Structure formats: structure tokens, C-alpha cells
Amino acid sequence: MNGDTSVRLFCLPFEGASAGVYLPWAEALGTSVVVTPVELPGRGRHPRGRPCGRLEPLLAEIIPYVARMRDRPFALYGHGFGALLAYEIAARLEWEYDAVAERLYVSGAGVPYRPAPEHAVSQLPDAELLRRLGRRGRIPPGALDPSRAPRVLPALRADLAVLESYRRDPRHVVHCPVTAMGGSEDRSVGGADLAGWRRCTRRSLRVDTIPGDHYFPLTARWELLDTFSRDLMRPRVRASRAAGGGLPRVPAGSPPYDPAVGPGTGNKSCPVFPTSPSWPAEVTV
């Protein structure tokens with residue numbers, strides 16, 4: 001890989017979603033930041049599997065894949081539930097593989113903690129579960145659509161069950177810089193929540209506010225991609241991009257990507273593929 005200055009960006013989905021939500025990012029970032037979605041059981045390219053509601057078996061499945069794909073410098077991004085996974089993966093790669101990420105991006109989430117039992121929602125009936133999440137502005141796309149809910153709700157419940165049983169190991173303090181991102185209109189995650197990530201890193205913490213509600217990655221994609229470009233592109237690549245006008249811009253009026261559509265539904269951004277253990281090794285143009 002002589003002369004290769006690219007960085008691999010592993011992307012973890014938010015609760016109830018497929019990692020296919022990140023496929024359009026690859027088209028914009030190209031080969032300098034190699035977008036690598038990390039799919040979870042029971043969704044996307046694993047539709048026949050069952051969503052996993054326990055953290056350790058889930059990490060046992062996805063960490064070997066991430067470790068195997070470390071063929072270049074890497075960073076991790078996770079939104080919502082994905083932020084917990086990205087943080088745990090970054091910490092365990094340090095412990096188990098002596099591999100430190102270039103940067104950890106935790107988005108739409110404070111430091112995960114185990115909530116009081118009365119706040120647990122993963123086992124509630126569908127209507128009450130959605131009502132509780134709706135009060136916080138955290139109903140994932142597709143959960144209210146009768147044609148999509150049978151796929152979204154089991155994955156959503158499994159992800160919430162992991163969040164509700166989570167206990168953070170205080171030894172898991174990463175040695176990479178962390179960027180905590182929050183939506184300007186997010187009712188469920190505030191500035192204090194994002195600032196709490198400071199105790200999870202021995203390096204710097206940067207807090208970014210992005211326009212939008214909790215699901216700002218779907219509506220403010222270009223702000224996120226600009227951030228990844230500034231942080232992760234090597235100086236030579238950044239200079240080349242600057243000379244060429246930077247990132248391509250999304251056409252005005254283009255609809256946001258809907259993660260609930262995902263693979264298996266004919267969405268051209270997430271085409272139907274045979275079931276395989278992971279996403280393609282490199283999702284680039």
C-alpha cells in the first residue's frame with residue numbers, strides 16, 4: 001500500500017436501522033476515506049438472522065470483521081446505538097489488537113449507561129414503545145410504516161435491550177481523539193451528554209453541533225462528510241481536493257436517504273445482494 005493515504009471509516013448504524021444507511025456516503029467521499037458499513041444481525045444483508053439483544057455475542061460477531069479489515073489507518077463512526085458499538089469496538093481493538101483508531105466519532109448519544117428499570121422500553125407493547133420513543137423524538141424511520149415495521153421493530157427492540165443492560169467498563173478509555181456530535185434540535189441528547197464523552201478518552205474531545213433533530217445524519221449528510229474530510233484526509237489528499245473544488249454537493253431538493261428502505265426492497269442505493277457475512281470490503285467509487 002505504498003503511497004496510499006486513505007483511511008477506512010467503519011460506520012455503525014443507529015437503533016433499528018441497517019448499515020446500508022451509510023452506502024451513499026461512499027459515493028461522495030470516494031477512495032480517500034473508505035466507507036465501510038458494519039452490518040448487524042437481522043437486518044440489511046443479514047435478513048435471515050435474528051437481531052441480537054446482548055452486547056457480548058454481538059461484539060463477538062462484528063469485532064473480528066473490523067479487525068480483519070484493518071488494512072490501513074482507520075476511524076469509527078456510530079450514531080445512537082451505533083455510538084455505543086463504535087466506542088466498545090475502539091476500546092477492545094486497543095486492548096485485544098493494540099490498534100488505535102485515528103478518531104472515534106460518537107453521534108446522537110451521550111456516554112451509555114444502564115437506565116433505571118422504570119425507563120426500560122424494549123419489552124413494552126409496540127404502541128407504548130413507539131409512544132415513549134416519540135416523546136423523545138427517537139422513532140426510527142420505518143417504524144410507523146405497516147409494511148416496514150415487521151423488519152424494523154425486532155431490530156429496534158434488540159438494540160434497545162443492549163442499551164438497557166449495558167454497563168460501561170471504566171477501563172475502556174480510548175487513546176484516540178473523540179468527536180461527539182449532536183443535532184441542534186435533538187430533544188434526547190444535549191450538550192452535557194456530549195461533553196460526558198470526555199471521561200472516555202485520554203486524548204482530546206471535540207463537540208460538534210449539527211443542524212437537525214436526532215436523525216440529523218439523514219438530513220445533514222454533507223455537514224458530516226465535510227467533517228470526515230477535514231479530519232481524516234491526509235494533507236496531500238486535502239490539497240488535491242481543495243484544488244478540485246472539494247466534495248461534490250448534493251443537488252438542491254434531493255430527498256434524504258431512508259434507512260428503512262434498505263437492501264432487499266429495491267432501493268438503488270442498497271441493491272439486493274446474496275446473503276454474505278459482511279458488506280463489501282471497500283464501498284468506494
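Here are legends for a few close-ups of this predicted model.

**Close-up A. Tyr22 and Trp25 meet edge-to-face.** Searching the whole structure turns up 9 aromatic pairs. In this one, the ring centres of Tyr22 and Trp25 sit 4.8 Å apart with the planes at 65°, so it goes down as edge-to-face. Tyr22 is buried, at 1% relative accessibility, and Trp25 is buried too, at 2%.

**Close-up B. Trp25 also pairs with Phe228, this time tilted.** Here the centres are 5.4 Å apart and the planes make 45°, so the pair counts as tilted. This pair ties together distant parts of the chain: Trp25 belongs to helix 1 (residues 23-29) and Phe228 to helix 8 (residues 221-232), 203 residues apart. Phe228 is buried, with 0% relative accessibility.

**Close-up C. Ring pairs build a cluster.** Step back from the two pairs above and you get Tyr22, Trp25, Tyr77, Tyr105 and Phe228, all linked through ring pairs.

**Close-up D. The sheet is open, with 6 strands in parallel pairing.** Reading across, the strand order is 2-1-3-4-5-6. Strand 2 (33-37) and strand 6 (205-210) are the edges, each pairing on one side only. On average, neighbouring strands are turned by 20° against each other, ignoring direction.

**Close-up E. Strands 4 and 5 run parallel, and helix 8 packs on the sheet.** Strand 4 (residues 104-107) pairs with strand 5 (residues 178-183) over 4 bridges; Leu104 has Val178 as its bridge partner. Helix 8 touches strand 1 (7-12), strand 2, strand 3 (74-79), strand 4, strand 5 and strand 6, and its direction makes about 155° with that of strand 6.

How values were computed:
Residues numbered from 1 in each chain as written. Predicted model: local features only at pLDDT ≥ 70, side-chain atom pairs only at ≥ 80, totals over all residues. Heavy atoms only, no water. Phe/Tyr/Trp six-rings, centres within 6.5 Å; stacked < 30°, edge-to-face > 60°. Buried < 20%, exposed > 50% of the residue type's maximum accessible area, 1.4 Å probe, protein only. Helix = DSSP H or I, 4+ residues; strand = E, 2+ residues; numbered from the N terminus. Pairing = 2+ DSSP bridges. Axes fitted to C-alpha atoms, helices over the stretch in contact; angles between N-to-C directions. Contact = heavy atoms within 4.5 Å.
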